Amino acid sequence: MKKSARKSLVPYALGAAAFCVLFAAGCARDEGAPVADAAPKADPPSVYMNDPVFKKALADRRSERNGILSVRSKLVAKAEKMVEEARAKMPGADDAAVKAELEKNREWVSLVARIEDANKAYEENRLATTKTVRERISPKKRVSDGSLKK
């Protein structure tokens with residue numbers, strides 16, 4: 001007895017059609033469910049960059065840093081002028097001799113110390129800004145186990 005192709009393929013075709021109908025019915029959007037983009041999550045950049053407290057903190061740090069850089073650039077210009085004057089007084093002297101001559105000058109020593117203080121203040125400001133940003137944008141939960149950060 002030979003079965004016809006129609007009799008053996010019809011159950012498979014009906015099963016495939018039923019599967020497609022059930023799959024398509026499960027993919028329909030529930031009208032009561034919220035749209036994924038409607039409410040932003042708590043941590044994306046669109047939220048924290050529009051936070052006025054966060055923006056003000058960054059702006060305050062930036063203005064403080066710009067003030068430090070302004071003072072430092074004036075000090076560096078004065079130091080460069082002193083180096084040029086020392087080189088003019090000592091033609092043909094190498095860098096070590098010029099440095100030794102400048103280190104005898106109290107004003108030079110004070111100027112170098114103030115430049116180093118300005119560099120230290122700039123670095124502290126930069127690190128504080130980085131810490132502020134890190135605390136704001138880092139996830140509140142660990143990825144591996146889902147527990148809260150401490």
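This is a short talk on how the helices of one chain are arranged and packed.

Let me say at the outset that we are looking at a predicted model, and that the values I quote are computed from it. The chain has 5 helices and 0 strands, and, if you read along the sequence, the pattern is simply α-α-α-α-α. Of the 150 residues in the chain, 13% are buried. If we take the contacts with a separation of 6 or more, 62% of them join residues that are 24 or more positions apart.

I will begin with helix 3, which runs over residues 52-89 and so has 38 residues by the helix assignment used here. From its first C-alpha to its last, helix 3 reaches 55 Å, which is close to the 56 Å expected at 1.5 Å a residue. Its buried residues are Phe54, Leu58, Arg65, Ile68, Leu75, Ala79, Met82 and Ala86, and I would ask you to keep Arg65 and Ile68 from that list in mind.

Helix 5, covering residues 106-137, has 32 residues and spans 47 Å between its first and last C-alpha, again close to expectation, which for this helix is 46 Å at 1.5 Å a residue. The buried residues in helix 5 are Trp108, Leu111, Ile115, Ala118, Asn125, Ala128 and Thr129, and what covers them includes helix 3 and helix 4.

How, then, do helix 3 and helix 5 pack, and at what angle? Their axes are 9 Å apart and the angle is about 160 degrees, and because angles over 145 degrees count as roughly antiparallel, that is the description that applies to helix 3 and helix 5. Helix 3 passes helix 5 in a left-handed crossing, and the residues of this contact divide into 18 nonpolar, 4 polar and 8 charged.

Two residues let us look at this pairing in detail, and I will take asparagine 125 and then aspartate 60. Is asparagine 125, which sits in helix 5, buried or exposed? With a relative accessible area of 3%, asparagine 125 is buried, because the cut-off for that class is under 20%. Leaving aside residues up to four places away in sequence, asparagine 125 touches Arg61, Glu64, Arg65 and Ile68, and among these Arg65 and Ile68 are themselves on the list of buried residues of helix 3.

Aspartate 60, for its part, lies in helix 3 and is partly exposed, with a relative accessible area of 39%. The C-alpha atom of aspartate 60 is separated by 9.6 Å from that of threonine 129, although the two residues are 69 residues apart along the chain; threonine 129 is one of the buried residues of helix 5.

Finally, let me turn to helix 4, residues 95-103, whose axis comes within 10 Å of the axis of helix 3 and crosses it at roughly 115 degrees. That makes helix 3 roughly perpendicular to helix 4, and the crossing is right-handed. On the helix 3 side, Met82, Val83, Ala86 and Arg87 take part in the contact, and they meet Asp95, Val98 and Leu102 in helix 4; taken together, these contact residues divide into 5 nonpolar, no polar and 2 charged. Met82 and Ala86 also appear among the buried residues of helix 3.

To draw this together, helix 3 is roughly antiparallel to helix 5 and roughly perpendicular to helix 4, while helix 3 and helix 4 are both included in what covers the buried residues of helix 5.

Technical notes: Residues numbered from 1 in each chain as written. Predicted model: local features only at pLDDT ≥ 70, side-chain atom pairs only at ≥ 80, totals over all residues. Heavy atoms only, no water. Helix = DSSP H or I, 4+ residues; strand = E, 2+ residues; numbered from the N terminus. Expected span 1.5 Å × (residues − 1). Buried < 20%, exposed > 50% of the residue type's maximum accessible area, 1.4 Å probe, protein only. Axes fitted to C-alpha atoms, helices over the stretch in contact; angles between N-to-C directions. Parallel < 35°, antiparallel > 145°, perpendicular 65-115°, else oblique. Left-handed = near helix turned anticlockwise from the far one by under 90°. Contact = heavy atoms within 4.5 Å. Nonpolar A, V, L, I, M, F, W, Y, C, P; charged D, E, K, R; others polar.
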